[in-house]
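Colleague: Got a minute to walk me through this one? I'd like the overall picture and then a few details.

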Amino acid sequence: MAAGNRQSRIKALCFIKRLSRHLGTVLTGVVLSACQPHPETMFSDYQARLQRVVAVPLVADVTQLSKTAVTPLPDIRTLSLVIPAATIDLTDMLALDICDLETLIAERNNSLGKVQTDAAMLQYELKLLLKLGNCLKSPALVNQLAPELKTTLQQIYQQKQQQLPAVFANLLSRDQTLRQQLGGSQRGIAADQSGLAESIQALKQLNLLRQHIEKQDYLAASNIQINSALGALYQSQLIADLQHSLRLSEQFFATLNALLAQVPQKDLCQADSSVRENLLSQIFIGRVQADLARVDGIATELIAELLQLYQQHPLQPAIQQRLQTPQLQLQQQLREHVAFWQRWRQCDGPR
């Protein structure tokens, strides 16, 4: 019943919006947020106000804008790195309780261990390297092993060390949360979007994990909770939503700027200057530009962490195409839109 009442209130607000646009920006902002998603809401309102002042056709329907097409993410199979398994004789494995390895290896070989996620696999490999390294570095332990087993374990240790960067690369390529975030969504960043701090912290943890692996600091690496970091990214959906906001915003202003460039100066100068200045200060600067500055700040922080995380990885070009390039293009379109406002204000003479 509560949900039904809420829907009724939203429909009523939308009806009020159509009848009462003159009531002011505060009511309009409340109504719009109920009727449409963000950022489509903000752009629809802005273009409607511009259209009333400039009196020229503008973007027909923000929700129907075609975002710039992006190349699909590479298939998982093309990105996956083959990692040969390290094997050990069963009788030798029984002796590994000396190194506290028997239980760990048994977990890997059971039915659940064979279907581990890439995050669980990486966590396992880190624990294995940590325990194996401690064993081989401890004379009290390694002297209890047969010489042949000691040699085998040293070879496995070196093999695992060499393979660990590939295990990490497979995590970046195949983890479903990361691929979902890079794949993008069909909704933009809401005005009350939360989760930035958690997303940045999660990416920083994954970057720290990468650094520990490169430095072969397996103790520090094993202490990072990979699934917790991935869970924070999944909960916020910020990386996926950001792509929609950037690409839609860039397309909106590219279309809008092209239309406004066709407006003769004499037509601009016929507009009421007080209405124009109110539109500039209250709506464009106070609402649109302020919100896009917020989105740009979010993009700058996330992109920096993502590019560091995916450096020298096959998915780095996808991050550049889906996030970095739209951000730069949007910045350029906003500079052009500011130039339009400067042209419009020239109607009042030198400033």
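Modeller: Sure. Of the 351 residues of the protein, 44% count as buried. Keep in mind that this is a predicted model.

Colleague: How many helices and strands are there in the protein?

Modeller: The protein has 17 helices and zero strands.

Colleague: And what about the accessible surface, what does that come to?

Modeller: About 18,100 Å², and 54% of that belongs to carbon and sulfur atoms.

Colleague: Switching to cysteines: which ones form a disulfide?

Modeller: Cys 269 and Cys 347, with their sulfur atoms 2.1 Å apart. The pair ties together distant parts of the chain, 78 residues apart: Cys 269 lies in helix α15 (residues 265–269), Cys 347 in the segment after α17. A search of the whole structure finds one disulfide.

Colleague: What's the handedness of that link?

Modeller: Left-handed, with -85° about the S-S bond.

Colleague: Why does Cys 269 count as partly exposed?

Modeller: Because its relative accessibility is 38%, and partly exposed runs from 20% to 50%. Cys 347 is partly exposed too, at 26%.

Colleague: OK, new topic. Where is Gln 333, and is it buried or exposed?

Modeller: Gln 333 is in helix α17 (residues 316–345). It counts as buried because its relative accessibility is 13%, and the cut-off is under 20%.

Colleague: What is Gln 333 in contact with, sequence neighbours within four places aside?

Modeller: Glu 250, Phe 253, Ala 254 and Asn 257.

Colleague: And helix α14, how many of its residues are buried?

Modeller: 18 of 23, so α14 is mostly covered. Helix α14 covers residues 238–260 and reaches 32 Å from its first C-alpha to its last, close to the 33 Å expected.

Terms used. Residues are numbered from 1 along each chain as its sequence is written. This is a predicted model: local features need pLDDT of at least 70, side-chain atom pairs count only at pLDDT 80 or more; totals for chains, interfaces and linings use all residues. Side-chain values use heavy atoms; hydrogens and water are left out. Helices (H or I, at least four residues) and strands (E, at least two) are DSSP runs, numbered from the N terminus. Buried means under 20% relative accessible area, exposed over 50%, partly exposed in between (1.4 Å probe, protein chains only). Contact means heavy atoms within 4.5 Å. The expected span of a helix is 1.5 Å times one less than its number of residues. Accessible areas come from the Shrake-Rupley method with a 1.4 Å probe; for residues, only the protein chains shown count as cover. A disulfide is a pair of cysteine sulfur atoms within 2.5 Å.
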